[in-house]
Amino acid sequence: MPMASSPPLSVSAPLSLPLPLPLPRALQRPFVFSPNPIRPASFPFHSRTFPRVPSPSPHLPLKLLCSRESKAPVTKESWEKSILKSEIPVLVEFYASWCGPCRMVHRVIDEISAEYSGKLKCFVLNTDNDSEIAEDYEIKAVPVVLLFKDGEKRDSVVGTMPKEFYVAAIERVLKS
């Protein structure tokens, strides 16, 4: 069976595509991030100067998100007196200065130490400086939070957890 042929395509006017509009002058050069918009940087960056961050207005209230004063550091010299002979329950955060997740736990423990002030003492122990204590409690990785009551370990939270995990462990220790 012969195939039906379609009529030839005829174009009455030549086909033309719209020409691109010229780019504004600012967009004609490649974008390179520069810390100083007045003096654009070239790639690679050789300058180590960065713009000054404006100081906050004295009229704006500042909220302190993380305070290192709410937790006291503990060492092997002060361990027995501060932790084992404490009359109230104690929370000890085992951390390392190079540990990113430990910084997140710091913030949570700072909030908890303010909320449980008078009911719970909070301490931090740098495992790099006092590895003997970390070994005694079999701390293999950081962050780890141990809870002590009457001189003995009662509970622990391993890793970076939501605040509710730490609060639940604290409440269990306070009720025991």
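A residue counts as buried here when its relative accessible area is under 20%. By that cut-off Asp 155, at 15% relative accessibility, is buried. Bear in mind while reading on that this is a predicted model.

**The overall layout**

The protein has five helices and five strands. Starting at the N terminus, its elements follow the pattern α-β-α-β-α-β-α-β-β-α. Of the 176 residues, 30% are buried. If you take the contacts between residues at least 6 apart in sequence, 66% of them join residues at least 24 apart.

**The sheet**

The five strands make an open sheet with mixed pairing, in the order β1-β3-β2-β4-β5. β1 (72–73) and β5 (152–158) are the edge strands; each has a single partner strand, so one side of each has no neighbour in the sheet. At one edge, β1 runs parallel to β3 (residues 121–126), and two bridges join the pair. Pro 73 has Val 124 in β3 as its bridge partner.

At the other edge, β4 and β5 run antiparallel and are joined by six bridges. Val 145, for one, is the bridge partner of Val 157 in β5. These two strands form a hairpin with two residues between them, and Asp 150 in the turn has a positive phi of about 55 degrees.

**Helix α3 and what lies over it**

What does the length of α3 look like against expectation? Its 16 residues should span 22 Å at 1.5 Å a residue, and the end C-alpha atoms are 24 Å apart, which agrees. The buried residues of this helix are Cys 102, Val 105, His 106, Val 108, Ile 109, Asp 110, Ile 112 and Ser 113. As background for reading that list, an α-helix has 3.6 residues a turn, so residues three or four places apart point the same way. The cover over the buried residues of α3 includes β2, β3, β4 and α5 (163–175).

Cys 102 also takes part in the one disulfide of the structure. Its partner is Cys 99, with the two sulfur atoms 2.5 Å apart. The torsion about the S-S bond is about 85 degrees, so this disulfide is right-handed. Both cysteines are buried.

**Four buried residues side by side**

Here are the relative accessibilities of some buried residues, with a closer look at three of them below.

| Residue | Relative accessibility |
|---|---|
| Leu 120 | 7% |
| Cys 122 | 7% |
| Asn 126 | 11% |
| Asp 155 | 15% |

**Leu 120**

Leu 120 sits in the loop between α3 and β3. Beyond its neighbours within four places in sequence, Leu 120 is in contact with Ile 88, Pro 89, Val 90, Leu 91, Ile 112, Leu 147 and Ile 170. Ile 112 in that set is one of the buried residues of α3. Ile 170 is 50 residues away from Leu 120 along the chain, yet their C-alpha atoms are separated by 8.5 Å.

**Asn 126**

Asn 126 belongs to strand β3. Which backbone atom does the side chain of Asn 126 reach? It is the backbone nitrogen of Asp 128, at 2.9 Å. Setting aside neighbours within four places in sequence, Asn 126 is in contact with Tyr 95, Ala 96 and Ser 97.

**Asp 155**

Back to the residue from the opening: Asp 155 is in strand β5, which is one of the two edge strands. Which side chain makes a polar contact with that of Asp 155? The side chain of Arg 172 does, at 2.8 Å. Leaving out neighbours within four places in sequence, Asp 155 is in contact with Val 145, Leu 146, Leu 147, Ala 169, Arg 172 and Val 173. Val 145 is the residue already met as the bridge partner of Val 157. Leu 147 turns up again here, since the contacts of Leu 120 also include Leu 147.

Technical notes:
Residues numbered from 1 in each chain as written. Predicted model: local features only at pLDDT ≥ 70, side-chain atom pairs only at ≥ 80, totals over all residues. Heavy atoms only, no water. Pairing = 2+ DSSP bridges. Helix = DSSP H or I, 4+ residues; strand = E, 2+ residues; numbered from the N terminus. Buried < 20%, exposed > 50% of the residue type's maximum accessible area, 1.4 Å probe, protein only. Contact = heavy atoms within 4.5 Å. Expected span 1.5 Å × (residues − 1). Disulfide = S-S within 2.5 Å. Polar contact = N/O pair within 3.5 Å; in protein donor to acceptor, adjacent residues only side chain to side chain.
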